[in-house]
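Here are some short exercises to work through with the structure open beside you. Try each task before you read its solution.

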Amino acid sequence: MSNKLTYAQVNRDIMRPLFTPTMAWHGLMALALLGLAIGGVCWGIQLVWGLGVAGYHPPVFWGVYITTFVFWVGIGHAGTLISAILFLTRSRWRTGIYRAAEAMTIFAVMTAALFPAIHVGRAWQAYWLFPYPNQRQLWQNFKSPLMWDVFAVSTYFTVSTVFFFIGLVPDIAAVRDNTRGYTQKLYAAMALGWHGTDRQWRHYMAAYGFFAALATPLVLSVHSVVSWDFAMADTPGWHSTLFPPYFVAGAIFSGCAMVITLMLPLQRVFKLDAYIHIWHFEHLAKLCMFTGGILTYSYGCEYFIAWYSDNPYEWGTFVDRVVGKYWWVFGTMVLCNCTIPLLWWFKRVRTSFAGLFIVSIVINIGMWFERYNIIASSLAHSFDPAAWVYYTPTYIEMGILVGSFAWFFTWFLLFVKIMPSVAIAEIKETLRPPLKHDEEAAAK
Amino acid sequence: MRQLTRATLAIVLFTGAAVGMAGFATRANAEDDEASAEEASEETFTIGMKNLLPPELFDRNLVVTVGQPLDEAIEQPIAFTHERHVKTLGMDCNYCHSNARKGVHAGVPATSVCMGCHALVDTTDRPELVKLKEYWDKGEVIPWKKVHDLPDYVYFSHKRHVVAGLDCQECHGEVQNMTVNERVAPLNMGWCLDCHAQHESITENYGTKAELRRAELKDCWTCHK
Amino acid sequence: MDGLNRRDFLKAGAVATSATAAACAYDYKVPQEEVLPYVVNPENVQPGLATYYASLCNGCATACGLVARNTDGRVVGVEGNPDHPSGPGLCTRGHFDLIAAYGPDRLPGATAKRTTLSWADADKQMLDAVAAARAAGKTVAWLGRYRTGTASALLDVLAEGGLRRVHWETLGVEPLLAAARIAFGVDELPVYELAGARTVVSFGFDFADSAFGSMAMRKGFAKARNPASDGFAARLVAIEPRLSSSSIGCDDWVSALPGTETQVALALAKLCAAANGYSGAGASLLSGVDVNAACAASGIAEARLTELAAMLTAAPSVVLPGGPSTQGADATALAVATLLCNMVLGAVGTAVQFGRGFRPGQVNSFADVKSLVADAAAGKIGVLFLDGIDAIHALPAAIGAADALAKVDLVVQFADEANDSTGENTLVLPTGSGLEQWSDASVESSLHVLGQPSMVPLHDSRGLGDTLLTLAKAWAPAAPPVEAVVAPLEGSTDATPAADSTATVAPVAAPAPVSTASLVASAANFGELVKARWTALLMPAGANAAAWWQEVQTIGLVASPPALAAVSWVAASLPEGTNSGSGDRALVLFASHLGDGRWANVPWAQELPDPVSTYFWNTWIEINPRTAESLGLGEKDLVKVETDHGSVTVGWFGAPTVREDTVALRMGNGKTTGKYAKGRGANAFALLGGEVDPASGALNLTSRVRITRTQGDSGLHALCGSMNQDGRTIAARVNAADAVANVEGEAQSIVPIHHLPTDPRVEAAGPVDMFPEPQHPTYRFSMVIDTNACNGCGACQIACAVENNTPFVGPDQLRKGRTMSWIRMDRFFEGDENSPDVRYLPAICQHCAHAPCEGVCPVLATYHNLDGLNAMIYNRCVGTRYCANNCPYTARRFNYHTWEWPQSYHLMLNPELSTREMGVMEKCTFCVQRVRSVKDNWRDAAFAEREPGKPVSMDKHRVPDAALQRLTACAAACPSEAINFGNWNDTDSTVRQLGTSPRAYTLLGELNTKPGVRYMAKVSHHAPAFSHGGGHGGGHEEGHGDSHTPTEAPGGHGGPDEAPAHGHGAEHKEG
Amino acid sequence: MSSSHAMGASGATVKAVYKHLDCLLQGIHDLQHAGLKDFTVLSPIPRHEIDEMLYKGEPSPVRWFTLAGGILGGTMIFSLASLTHANWPMIIPGGKPLVSIPPFLVVTFEGTILWASMFTLTGLLKFCGLPAMNLHPAMKDPRFTNDCFGIVFERSGNRLDEIVHILESSGATEVTHG
């Protein structure tokens, strides 16, 4: 970090977006609320009429909703990865971006968590998925991957949120001390009376380390558990031990791409160049290139295993993905996830705003299609040829997909407006602390 | 304006975080069945049939019961009193509810059954009997209100329970003492299961096979249709 | 339900963001219901308990017996009457008839000009019109479908009084009846006993579906085809331009050029005669037959005919007559030729039986219909009674029935719903369903079926018999009081020109002379008349009338062993008949599910997928895929089908079971009335010119057409996603020789199930389970389905829908593939293009012991229970649909919406199980409500026999196999008795025997799901022995099947006949 | 800043504000050297030096909470899964044994993490004294979350002058008491 920055300057810079309105923010917020309205209306229609308004038909019982669920859970990986794993490995480039990445994680998981409720046939009974004592003496099936999912996602959400909030407390305190009136009272309540006493910092740092240590296996487990939704099923195209690492790599791939997509404009609009540098993005891009490589390898591996197993069902599904009616999904996936990201091997591309922004968006699109490819094409081409179908999403499903993005962006926009989107205390930590000794040396 | 927006957004954030569970507290059905079945089984049904979780774990205060609230008296078209018929006159339940040992529904007696006796009973100064007579004369159906109303997805056979040797009172309460018929049992799933898991009649009826029968009785498809 | 109920609230709450506050304020309450007792208890009615009535199926003229199950006053299920000689099972039509009884379009009462009349007014109008017509010298005429029994006898009485009777059906029997008269001089139909036939040659006869008397023939053929029953599996050879649903499972399709079937039949007869040295009376007909010319004309290689003749003469065989696809202008000649074949083969008298008086009452020809219509058009008809015929829809438009009907003074229509023929001058008298009214029928001298009402009429309808009785009472005095000997078995036949009727037929079992006319006056209603007539005709002398009638009502029929009669050949020459028409392709009509339109307003019938195309709710043509390719047809293109008489524009299906020069058009749709029928598809009869076969007067159902591609979207969707199995063994096949050999040999499966490469170490270790199979202490309910007996007719599907309250979803939803039928009929075209090997497999929930669906349900809504059932608790289901994804058999159905049931169908709902709301999964339950009920009965018995103070005996608890075998709705319905149900734990049970037989296999066995359902492979002689066209005909190797691997090879390594059916498979894959 | 805080029996409140970290550390060192322990150090950032000087590297007891939460959570979820399945032994999903270890390990893992983190949170709040709504007003100086460090004596006892002296001499930019 630049040594020119002072602690007070950091406070000023990072809190500036909270107090200065921008047209861009209001425009985006309006757009997000519009999308939210679209999604809400679509879901309302679905609740009233039933899931028939979506494109399901036997044997395709999962479609856009689960695709989007997995997509958002995947997005939700980068934040905790960056904040927890990079914290534990003491990577310096984490500091500038981790707060926003973590916020992205929380909101992505919040978005993902909507989808089980949207997806189930009887959303009004979805609370049955949680174990609670009841007069029916009935419990859940803890052998079901979906139950694991419920546990994994809710645990991940809870732990990430706590981790996020704990990280925020000193910064909220800083914001509190820069506000007046009722806003100050609100921030004061959220800051939990944080004033940076020695006792607070002492246990805080210990607990933060534990949170990071606890969140780390979660990052790796959540998408593994999500992948078991598929891998534990017997559907050809799903039933593969490759899935957990493949999904985790994909999740980090898409998550990092999403971080790039979100933080490039953030850096520009809020003029945070001093804290978020292009080399932050370059690091993220390199992480993407690495996980993208794993992903490409996994794609190949899937085909090899399907061929080598000589299992006609498995191989049939994989061939159908390429030559069947889902060829365009497969093509989009390979193009967006394997081919276009190769551009980042050129330093010029991965250090330019346009190069980073466009490719990261392409990756996000590609990763959505990857999940769609896995879910729709496998189900549509299952064991019994008599049941083969072609699934097409409906407008309702696409509306809810749009709504999910809007929901995510609404939260994210609120976040950047309410909370410091770069970790103030940690940025200060990376600075050389103000020393009398330095000043004296400078004076000489 | 800006502050207002910010305040609204902050409030949304706070309320959104506060999610409460609605507790539909109904009046507790006090006693759990104390009768614990004797472990009379010699032949072990190897997957093991024990109520591993104590019933106390299931807090009846937290739960919804099926049907009408327990102590709400339901107004019937004719103020029929079981007490008079059963206790005073000593009639058997089966006389009127003859279907209980033969079929799924116990049923309410046809008006003709009532009139079998009431044709001979003096109706002067007895307005309820006058009502009965009016229904009979007009050939109209008496619109009795259901006191015990199971959901439509439940298969409940009165015959099975009567044949197994259960007393009507075990579920319907001391009907012989009721002037206005009331529901005393919650009729919810946990209540059904309490007996299906450990009612003594199972041991009496099935002897060495009681374990198996208890397992069968706890199968969802025993009651759900 | 007033206001907001809990569920709606929760739905709303899920949308609302602030559910918490509202939830606290919400007042939870269940609606107050009433319990309504009877005023006076009806006899024998216990609320909630079913009452069974033996009755008569009115679905067609065949008159099968049925048992109607009445629960709480409504018939909610029908099954075949096991006491009927043709045994258990009931085809689709019987179930459609039940559904039709609850149709929303049913008229509330007698109706004229859309106004409901009282019956007194209606009777007055009818009788006045009759009187006026007779006074004016106009004819009073009757146009109706076949009727037997007391109704027919009453019509006889009316006919004596001058009623002009015409009984005709689209898929009628007149060519065969005329042929029997010409060939043998008898006035009855032959009864084909197929059970003992080694080879069956069919010239299009729809013996398993639409043909008169199909139930018995179907069962006979299933028996003949079962290698375990007699140690052989019959070979079925079809000589027809389109494989009907009867012959779709044929071993050889030797299709002749359309219109040349008669020549082929004669050539075959000649070759057979040459082979077995026949020189009987029929030989004279054969002298002029030129085999070479016939082969040249038909395009069949002579060698193959010779071979066929050799096969026929080698063992007991039957040649079946023509059917809808071959009913041309020479229909009678073809029928005579097939009878001659049987004569030559010596099958007449054994497999082809006469003397049983088998006929559907009076039979008139289409020529009679035409003359009636012509008379009506000329204004000569005063009153026309229309009984069950929608004349304007179902008669070829060319004969002008619409105009003619308008010229009749009063048309009295016996119909429960207004149909296309209901006009301004129509008086509709609803007859009610057969389940609501008295009826009887007798299509054989030795068999009388009683149709007793099994529920109170749902509407103000009056039975046909009662109206006839009214007519007879008003009319009969004018007629001379004849003491006619009423033989309900022999309708008076005045229609067809009788051939020289040398009385070689032994008289049918002579009933006691009874005058129906004399009974009319004393009968207060038709029920009484039926009883009086049955008592007079059928009661053994000296029997107690009341007791006897009680017994008849219990059994539902009076039957005695049929008496046969010897017949001899009398025909000296073939009847004339030539084909006509212009155009480049032959048009044949086929009926699937809708009949000639009779069931078009039954939504479940519309929805039942066609067995060949798996299309629904529409009209389409079947053409050969190569023809489609040559026309450049796209999957959803429309095709214009034109004859000289009209044109229709419909979608198409590329069926390899149709000749390249043939177009098959579905009949039944194209109606202009009816809630469900209106606007569906096109009317196939618009294409017919109404020409007749001169010999019998039968309608020529074939024609010549031109087809052209048209713009537009047909909107057709195939429910079966693939044309073939893609090399997988779903519907397996075994070679007949192996199947027969293995019956005697060791019981070892001859069906390969492993698709995976085998490893000797794995083989040596045997299959290893990670988990032990769940315990089934008492029952392991299982099902064995013999695909060899299955022709995809759909009876199981429709029976299942009626029993289990599965809704119809309508064409729009079905086009999305959202069928709710718990049984999916898999259809695969295997084999080569020229002789397709069509396989059917009713795919249901397999009730796996290691079910993939169960483990993944997060809320335990589905699980394996102690009886081996894969249970599904609808109320627990949240709707994650994971189970359905994970079911390799795609057996689960999801409720996409809360399906709307028209109010009238609510009465048909089976109260024994729930209807399902939107968002929950459902699937086959093995009819758990029936299982529960039968277990309950046995438990009662055990309690009843319990010794005091001792526990009940578990042995007495256990339901015996006999009570289980036909327990489920599908097993009870299957006319071929292909579905067996039972307890696998019982080693003597039928399912255990069948399920361990060599032909049995489990579906996708390599997944080791341990299904409770087993299938028995289709037995086939299918080998490239015959193929139509001259190409590779000569290369038949008798030993092919034996030298080949016993069965089809595992997927991917398929033998030559296992290649994907044809090049167009991919094109239709997604339908 | 505010010195209006009433001077109690235990002496006045002393607050020192530092602009420089090295001065702060010097101040802490001097105070400790003088045997003064009853003060609170405030800092906008966590500094190990402060922690070292005040707590001599003694680990935070929060870790025991984490451990206890993890063990308890894992045990509870595994027991919940096993007991609830065993309570319905006739309900066999997919033919798997009633208590199947591999699938239960997944939820056990999740339970462990969840409860460990919840206990950590509890421990954090407990040991940090959060929410700390009644901190001494002297500590509620906005500069301490911005760019200044501070040392606060809530009660200076009878060594007020000494404290003030030490603080001022260590380089505090501002020392107030009252």
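**Exercise 1.** Find how many contacts beyond four places in sequence the model has for residues 478-512 of chain C, and decide how to read them.

*Solution.* Start with the confidence: this is a predicted model, and over residues 478-512 of chain C the pLDDT stays under 50. Next, the contacts: the model has 72 of them beyond four places in sequence for this stretch. Finally, the reading: where pLDDT is low, predicted coordinates should not be read in detail.

**Exercise 2.** Work out what the mean pLDDT of chain C is, and which residues at its beginning fall below 50.

*Solution.* The mean for chain C is 84, with 87% of its residues at 70 or more. Residues 1-29 of chain C, however, have pLDDT below 50, and this stretch has 26 contacts beyond near neighbours in sequence.

**Exercise 3.** Describe the side of chain A that touches chain C.

*Solution.* Count first: 49 residues of chain A are in contact with 58 residues of chain C. Then look for helices: α2 (23-49), α5 (145-176) and α10 (312-323) of chain A each supply at least two residues to this side. Last, sort the residues of chain A on this side: 30 are nonpolar, 13 polar and six charged.

**Exercise 4.** Explain why chain A counts as being as compact as a globular protein of its length.

*Solution.* Chain A has 16 helices and zero strands. Its radius of gyration is 23 Å, and the globule rule gives 22 Å for 444 residues; these values are close, so chain A is as compact as a globular protein of that length. As a further look at the packing, 62% of the 444 residues of chain A count as buried.

How values were computed. Residues are numbered from 1 along each chain as its sequence is written. Chains are lettered from A and ligands numbered from 1 in the order in which they are written. This is a predicted model: local features need pLDDT of at least 70, side-chain atom pairs count only at pLDDT 80 or more; totals for chains, interfaces and linings use all residues. pLDDT is the predictor's confidence in each residue, from 0 to 100. Two residues are in contact if their C-beta atoms, placed from the backbone, lie within 7 Å. Helices (H or I, at least four residues) and strands (E, at least two) are DSSP runs, numbered from the N terminus. Ala, Val, Leu, Ile, Met, Phe, Trp, Tyr, Cys and Pro count as nonpolar, Asp, Glu, Lys and Arg as charged, and the others, Gly among them, as polar. The radius of gyration is taken over C-alpha atoms; the globule rule is 2.2 Å times the number of residues to the power 0.38. A residue is buried if 20 or more other C-beta atoms lie within 10 Å of its own, exposed if 12 or fewer, and partly exposed in between; C-beta atoms are placed from the backbone.
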